[in-house]
Every structure is written in C-alpha cells, then in structure tokens.
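User: I would like to understand how the terms used for a protein model are justified. Could you take me through the reasoning?

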Amino acid sequence: MSFRASILTLYPEMFPGNLGMSLSGKALERGDWSLDAKSIRDYATDKHRSVDDTPSGGGAGMVLRADILAKAIDDVTEEDDPRPRLLMSPRGKPFTQNRARQLAEGPGAIIICGRFEGVDERVIEARQLEEVSIGDYILSGGEMAATIVLDAVVRLLPGVMGNQESGETESFENGLLEHPHYTRPAIFEDRGIPEVLTSGNHRLINEWRLEQSKKLTEQRRPDLWAAHLARNAK
Ligand code: SAH
C-alpha cells in the first residue's frame, strides 16, 4: 500500500498544485503516493453552506465549526484508519525532518487545513488531531503548510528520489547543516573552487565537508550545534 494523503480544505482546487510538479508530481503519476483533496464546504448543512461562525466570547474573525469539520473528518476516515490526523496550526509542534521521516514510513495522513481564526477547540479534542506548525509566523490558511509537509514527506518515500545518498547528507538528516556545493565553471568572477574538492581524494573531501558542516551549524544554528555536541558527549 502506498502513502495516502487525504486533505480537508475550503480550497481543494489548490491541490495538487506544487505537489503535482517535479519529483512529487512524477511520484503521484507513478502511484508512489495518492492525494485526495476534499472540500469542507461539502459537509455544510444549511442552505448558505456556511462552515464558520463568530467566536464565542467575542473578538475578531470567524471560527471553523466543530460539527462540520468532524463530519468531514469522519467521512474521509476509513474503518480502523491507521493514518494520523494532522491539523495545520501555528500552535502545533514544530514540523521537523524527523517527523517527515516518521510520516513517510507510515500509511499516509489526513491533513486538515484551517482558515480564518482557526478551528473550534472541541473538534481537536474529539477527533484527537495532532497540531503541526511549519514555523513561527501566521499564514492565512493551512493549505500551503499542508503542501510543505507533504513535499517534505513525499521526497522520502521509497523510489521517489533518484539519488538516495543525496537524502542522507542533506541538512538536518545528521543534525547538522549541509556543507557548501560547487560545480563548473572552475572559475566564476575570479572565485575558484576549494582545492580539496578537485583533489580526487575522497577521504579528504569527506573530512572537509564534515568540517564545513560543523562550522556552518555552529555559526548559524547554535540550537542545532548544542544538540549535536550533547549527542556526541554521550
Ligand atoms: N488565530 C490563529 C491563526 C489562524 S491562521 C492563531 O493565532 O493561532 C489560519 C490557519 O492557517 C490556521 O488555522 C492554520 O491552519 C493555518 N496556519 C497559519 N499559520 C500556520 C503555521 N505557522 N503552521 C501551520 N499552519 C498554519
């Protein structure tokens, strides 16, 4: 069984969007994964097909209704559906390469895209939604966040990335940022390529790359660097 994504959104026409192109698009065509985007509005019950209402207690904006969202979730959830139910949310646990890898090893995901002020808290509890954030900023809707999560997951699925090795040295895979890359031409505006890279000595090249990785991580991401040191001290 390949990875199955079900998306609940007010804008199903946004999918597959970016995911229909390049690596993920080819993988979708091959059937390495599947994507089904459903409109939350299809589950509205009144004649205006409304899905949101004003926040209890007052305040700005609108809130997605728990009853309608629950119906939508239940409809895409199969019996004994093992897929995690992710709610895109700035209050969620920050999405990481680790979580992407876990998801890629699993059966798929049901992904709920919020809009407006967000969703009624009761549906989060009642359907045990896992809130996932893609970073500390506010988007206008969860669709791009869902696209980002799926892009990170799909490229890890078996057979999707041509060169498996490129995945293993990628930033975050070993807790460090990746080393710099170079390619032809040999001279670009008086700048050469570090000599070691043209030496043909793979041991020296690997050492140089690891050094660069460490240096960059220490300079740019003290949080990752501290975690790296802590791991290696064990
Ligand atoms: N009032 C909310 C923000 C709502 S933004 C708050 O302050 O927490 C509207 C929708 O966009 C959210 O329901 C969520 O689905 C999506 N969204 C916004 N920022 C996001 C982020 N950083 N990560 C994931 N989803 C996000």
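**Reasoning from values to terms**

Analyst: The space taken by the ligand is the largest pocket. Please keep in mind that this is a predicted model.

User: What makes Gly114 a polar contact of the ligand?

Analyst: The cut-off for a pair of N or O atoms is 3.5 Å. A polar backbone atom of Gly114 is 2.9 Å from an oxygen atom of the ligand, so the pair is within the cut-off and counts as a polar contact. Gly135 also has a backbone N or O atom 2.9 Å from the ligand, here from a nitrogen atom. For Gly141, the distance from a polar backbone atom to an oxygen atom of the ligand is 3.4 Å, and this too is within 3.5 Å. Taken alone, the ligand exposes 560 Å², of which the protein buries 85%.

User: Which residues are closest to the ligand, and how many surround it?

Analyst: The ligand is surrounded by 20 residues, and the closest are Met88, Gly114, Glu117, Gly135 and Tyr137. By type, the shell divides into 9 nonpolar, 8 polar and 3 charged residues. Strand 5 (85-94) and strand 7 (130-133) each supply at least two residues of this shell, and strand 5 gives the most, with 4 residues.

User: Why is Arg155 called partly exposed?

Analyst: Buried means under 20% relative accessible area and exposed means over 50%. Arg155 has a relative accessibility of 21%, so it falls in between and counts as partly exposed. Arg155 lies in the loop between helix 5 (143-154) and helix 6 (164-168).

User: Why is Ser22 called exposed?

Analyst: Ser22 has a relative accessible area of 55%, which is over 50%, and therefore it is exposed. Ser22 lies in helix 1, and its phi is positive, about 55°, although it is not a glycine.

User: Why is Glu189 given the term exposed?

Analyst: The relative accessible area of Glu189 is 61%; this is over the 50% cut-off, so Glu189 is exposed. Glu189 is placed in the loop between helix 6 and helix 7, and its phi, near 45°, is positive in a residue other than glycine.

User: Where are the cis peptide bonds of Pro16 and Pro185?

Analyst: One joins Phe15 and Pro16, with omega about 0°; Pro16 is in the loop between strand 1 (3-9) and helix 1 (22-30). Another joins Arg184 and Pro185, with omega about 5°, and Pro185 is in the loop between helix 6 and helix 7 (202-220).

User: Why are such features pointed out?

Analyst: They are pointed out because most residues other than glycine have a negative phi, and most peptide bonds are trans.

Methods:
Residues numbered from 1 in each chain as written. Predicted model: local features only at pLDDT ≥ 70, side-chain atom pairs only at ≥ 80, totals over all residues. Heavy atoms only, no water. Near = heavy atom within 4 Å. Polar contact = N/O pair within 3.5 Å; in protein donor to acceptor, adjacent residues only side chain to side chain. Areas by Shrake-Rupley, 256 points an atom, 1.4 Å probe, with all protein chains shown as cover. 1 Å grid on protein atoms, 1.4 Å probe; cavity = no way out; pocket = protein on both sides within 12 Å on 5 of 7 lines; lining within 4 Å. Sits in = over half its atoms within 2 Å of the grid points. Nonpolar A, V, L, I, M, F, W, Y, C, P; charged D, E, K, R; others polar. Buried < 20%, exposed > 50% of the residue type's maximum accessible area, 1.4 Å probe, protein only.
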